[in-house]
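Dear colleague,

Please find the structure below, handed over for your own work. My notes on two annotated sets of residues follow it.

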Amino acid sequence: MIALGLEGSANKLGVGLIRHDMSTSPPTVTILANIRHTYHPPPGEGFLPKDTAQHHRSHILQLVKEAMAEGQITPKDISVICFTKGPGMGGPLTSVATVARTLALMWNKELVGVNHCVGHIEMGRQITGAENPVVLYVSGGNTQVIAYAEKRYRIFGEALDIAVGNCLDRFARVLNLPNDPAPGYNIEQLAKKGTKLLDLPYTVKGMDVSFSGVLTYIETNAPALLASGEYTAADLCFSLQETVFAMLVETTERAMAHIGSREVLIVGGVGCNKRLQEMMDQMASQRDGKVFATDERFCIDNGIMIAQAGILAYQTGYTTPLEKTWCTQRFRTDEVFVAWRE
């Protein structure tokens, strides 16, 4: 089986091809292609849905051609076409879904609509070999602590307002940091030079977290702190990272204790952050546990994760009829029936 995966829920446009050799048990998985193109708005600005959708429409056909050339396959080799059904930004989602529908009709292929969050989890499990971890899903649009139980990825805790990635990205705009390769990445690099910790609001409510307060506080006070010379931009990035990551580590540890797991899998774009991985590893090692994480090829939104989650669902007999290939900006992780797991 070979699956074509199309991802475009935010500013990353990804096309991936994955092969499952069904003659072995479990199937041997081979990544044939994993190509991505990112929309970068000017420094100090975020990406608007209409501009991001236009970017995706402009590049997706070329990316599909490149992926098929890299994987050395033709349309007849493809078993199923998978696309991101949600959650995400409406314009970009529908732009990519339209291409998925068109290719399916042209090539006479089945379609599978994939939950973006489940795509991250399944790709993380495949790459790292984590068996039954507590999943910390951290990105620009989502922050969730997740564990699998009874055919669902259950959400143990989540952000009550904005996602952690959005918090970091918006502070990058305050500092006028570039959006290339990513504002969160540039925050991370600047934070490595920080030495002075600013006391920031720390908001954990049970298993849930809140980042709007800490963002408002640091946005409001940053100009005066920088002007006075009391703190540098690096100090503020360092302080923000340490505070929000500590909140994530606390809630993840509580989930580990609740389900008795010794594994943590970090997925999503923010999961590339080495400091977050380091803090999580310190916590897990105290519990005789282990942290699993991937690099930017698989942490950041990509098409291969959509292909992986889609082909797993397809192997159970699941497909998405053409009339139900609409997209939704709200598609919770625990809405998906995970038929492919024991």
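One "binding site" annotation in the unreviewed UniProt entry covers Y137, V138, S139, G140, G141, D169, G184, E188 and N273; positions follow the numbering used here, feature names are shortened, and annotations may be inferred rather than shown by experiment. The model is predicted, so local features need pLDDT of at least 70 and side-chain atom pairs count only at pLDDT 80 or more, while totals for chains, interfaces and linings use all residues. Residues are numbered from 1 along each chain as its sequence is written, and side-chain values use heavy atoms, with hydrogens and water left out.

Within this set, V138 lies in strand β6 (residues 134-138), strands (E, at least two residues) and helices (H or I, at least four) being DSSP runs numbered from the N terminus. V138 is buried at a relative accessible area of 0%, whereas G140, in the loop between β6 and β7 (143-149), is partly exposed at 43% (buried is under 20%, exposed over 50%, partly exposed in between, with a 1.4 Å probe and protein chains only).

A second "binding site" annotation from the same unreviewed UniProt entry covers H116, H120, Y137 and D301; although spread over 186 residues of sequence, they cluster in space, with a largest C-alpha distance of 12.0 Å. H116, in helix α3 (residues 116-128), is buried at 3% relative accessibility, and its side chain makes a polar contact with that of E7 at 3.1 Å (a pair of N or O atoms within 3.5 Å; within protein, one must be able to donate a hydrogen and the other to accept it, and residues adjacent in sequence count only if both atoms are side-chain atoms).

Best regards
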